[in-house]
Amino acid sequence: MSAVATEAPAHRRRTNWLPYLLSLPALIVCIGILVPFLTAVYYSTLRYRLNLPAMKGFIGFGNYAGFLSDAAFWNTVRVSLEYTALTVGVELLFGLSIALLLQKRTRINDAISILLLLPLMTAPAIAALMWKLMTNPNFGVLSYFVQSLGVKNFQWASDPESALFTVVLVDVWVYTPFIMILLLAGLRSLPKQPFEAAALDGVPRRFVFTRITLPMLMPYIVTAGLFRLLDSIQQFDIIYPMTQGGPGDTLLVFQVRAYLEFYQYTNVGKSAALLIILWAITYALSNVFIKQWLKLRERARGLA
Amino acid sequence: MEHTSGLERALRGVALALIVVFFLFPILWIFLMSFQTNEEILRIPPSPFFTPTLGNYAALISGKLTTVSGTLDIAFMRNLWNSVLLSTASVAIALVLGVPAAYAFARFKFRLGEDIAFTLLSFRFAPPLLVLLPLSLYFQQLGLTDTYAGLIWVYQLIALPLILWIVRGYFEDISPDIEHAYRVAGHSWWSTFTRIAVPLAGPGIAAAGLLAFIFCWNNFVFALILASADKQPVTVGALAFVTASGIQYGQIAAAIVLSVTPTLALALYAQRYLVEGLSLGAVKG
Amino acid sequence: MPQLAIRDLRKSFKDAVVLDGVTLDVEPGEIVCVFGPSGAGKTVLLRLVAGVETCDSGVVALAGRDVTEAPPETRGVGMAFQNFALFPHMSAFDNIASPLTARRAAPATIKTKVEKIAALLKIGHVLEHAPRELSNGQKQRTALARALVADPKVLLLDDPLRNVDAKLRYEMRLELPSLLKASGATALYVTQDYKEAMALGDRIAVLIDGRFVQVATPGAIYREPASIGVARLFGDPTVNLIPVEPVIRPEGLTVHIAGCIVPLSRRYEHAAGRACMLGVRPEAILVDESPMADGFPVELEAVTPLNEKTLLLLRANDGRELLASEAGEDAAPRRHGVAHARFDPDALLLFDAASGERIPPKA
């Protein structure tokens, strides 16, 4: 015992501060998000119009209460929900079907699955322009196709009747590959034994799909679907470049409307309130999503 | 176990062909359009046969757009340059900031780290305008409106969560004992981080960086709100270009092709990592 | 001065106490095997000495310097991890050289030293290979070479033979002692295998539930285990334990076993009247077909010849099972049925039934 010298150790305190130092930049970015977020919460309780600064004042839930009787607001809710339901629904169905078609690892299937990623990697705003060019009433190749099929006067995004269809089509074009590639990865990571057992027992393929494939794929479907749901309800990048929310108020989804409230009508308070409502919806959804996502992440890391 | 009938195989083939056409036709068509003159584009019926011209690209690159009513200056090359600058700088900074943070979150289980990681994650799914609109007012006060610095800072919102969550997973997959062994051998914390952890997480860092680049490049709304013409990237610039040039469809198509080529090329190059990146590390490809 | 001094080291994870005040001195050149069941805290102890984990309280001193708070790279220890922990992106050579590069040795020196240790460990021919191209045995030797190459103050070996196959383990068990002695290293060697501990350790430190219950030479631990727990951990088959209550009778100290009276050494007289546990090593049971003095009748139920010994399963009159072992294959009776057993009085162990601690005989 006496032999243990007690000269001053070279390093007294260990690296406990290290993780904090390392995450400092991320923390600053976090604060950089939280400050404007809280500001937005605050603005949403104000009567605040940039063109009428004198009228600025606290009105509590005034902006929110105003929405209740505002038909335009309810139109926004309806359009947003329609858009979300349509895009996510179609993309899930379509994406799942493609993933099933490409499930087998063959050279051609792999090549196709890679090629299908190209729309996903196209900036949505640019994709909107591409489709705008293709649906141009004067020379658009799609307009021509539709006309040759005998549909007269199909005005695509310029007609309130078909505007939603058009932007949903673009969304489907861009984002179906997202669902497809996630589900394809999911399908290919499923254990083989249940399928081999089912094949041995001669279980009909429809049964295999509904009783084995689908339930086992469910975590992937839910994650991919929620991922898209969260993005889709916030749609901006396609609708704004394509139609700016028009024609009329047909495509005034939450973010487009908030953008216009802010810049066109300079109504900061109302715009903020709209976004807070949207945030509340996405926050609730993202909590569900993050749980699912963490489960899947654990699983993926377990496989590695 | 293949009992697929000929009919079924034929149907599958047809379905796949239709799918490929649906997803690739727009890209192909715009690509073809970019080599056509306006007269060829406006032909009815549209035809895939034409004499290709590089005129549209030449006009974009020279920045002079000749129309019937005279020449028009176009800043599209500047937009392209802005996109390169913004995306590259944002990803570089996000890597410098994010990789050490990802390491901290992976190695040291601490409350603040989890809070930061999840805050960034949950704001990844929050409406961007919610943060951007108040931020645009702050930026005016701070003098950051329409500066590269301001934009790069905001682009961290895109790049950082991606890098944090993907790279974190790669760090977690490295056995801590490998790092311990290096330190016991006599190497400092920093050299263990740079010579063991970073090289071993290399593929993940590269994948996250490439994806972050693609997402920064493809972003539209950030620059729409925070940048004016001379700082705008291609996504916003192309839209402005359409409004300004009106009917110069060949040049628009050429601009679109130039805008999407870098990301499509990167995507093809990095496709192995896309699944993992797109799911923020939840699904391995 | 001990090369490694550990004083009252404590470590908990959340509510679980892993090390509950551990003290140990390791002299220069000495090999101490830390032996204990899994979950006893052996690996944590090594990690605390290496500095890759921090203790709650206590002191770790290396060659007289308190390193309790020092980061691992300043401690100058060498460690072989259970899972090898080789750097997957470096060649075997670079793996082994890493402690030398950290000390900024000259390239020529590095080359000489690495090649020397590699030759000693018979991996000279695979130095250019990446870890994934090495066999398990070569990985293990690479990890050992890496730990040894820089002449560490203390060599920490975390169950290095755990993850290698049986044949290799056997070879290494023979090879390691001379290797360690040759390198002159002071070593702390963690193992779960008592034979390994007995073969390698100058001393064995038995760690149970976060405490050293005994630190002694292998022979002493086997002959004089500190407790029932220790006695059980050493020996294969394990010690027979029989509850007894020694009584003093005219003819001497005796215990009742299966209705028979078995004599005990008078030196245990202080245990008379206490509830005890008699520990009988299998080789301390002598079995014969004919009755013996101080013996008792048993039923011979099974005979299992092994290479160097024969195991006998006996059943006493009260139904108690006893395991005996005889050296060699022919010495023991082979016929099942009635036999007689006798305990070697000098090899008996007596434990306090309540505390489990050994009752030492009076001198």
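Chain C of this predicted model splits into two domains: domain 1 covers residues 4-227, and domain 2 runs over 240-352. If you take the centres of these two domains over their C-alpha atoms, they lie 40 Å apart. It helps to keep that separation in mind while looking at the outline of the chain, since the C-alpha atoms of chain C fill a box of roughly 80 × 45 × 35 Å along the principal axes.

Now for what fills that box. Chain C contains 21 strands and eight helices. Of its 363 residues, 42% count as buried. The contact pattern of chain C is worth a look too: among contacts with a separation of 6 or more, 65% are between residues 24 or more positions apart.

Let's move on to chains A and B, where a pair of helices meets. Two packed helices are described by the angle between their axes and the distance between the axes. Here the partners are helix α6 of chain A, residues 124-134, and helix α1 of chain B, residues 6-33. Their axes come within 10 Å and cross at roughly 75°. Because angles of 65 to 115 degrees count as roughly perpendicular, α6(A) is roughly perpendicular to α1(B).

Which residues make the contact between α6(A) and α1(B)? From α6(A) come A:Met130, A:Trp131, A:Leu133 and A:Met134, while α1(B) supplies B:Pro26, B:Trp29 and B:Ile30. Sorted by character, the residues of this contact comprise seven nonpolar, no polar and no charged.

Definitions and conventions:
Residues numbered from 1 in each chain as written. Chains lettered and ligands numbered in written order. Predicted model: local features only at pLDDT ≥ 70, side-chain atom pairs only at ≥ 80, totals over all residues. Domains from an automatic or database assignment. Axes fitted to C-alpha atoms, helices over the stretch in contact; angles between N-to-C directions. Helix = DSSP H or I, 4+ residues; strand = E, 2+ residues; numbered from the N terminus. Parallel < 35°, antiparallel > 145°, perpendicular 65-115°, else oblique. Contact = placed C-beta atoms within 7 Å. Nonpolar A, V, L, I, M, F, W, Y, C, P; charged D, E, K, R; others polar. Buried ≥ 20, exposed ≤ 12 C-beta atoms within 10 Å, placed from the backbone.
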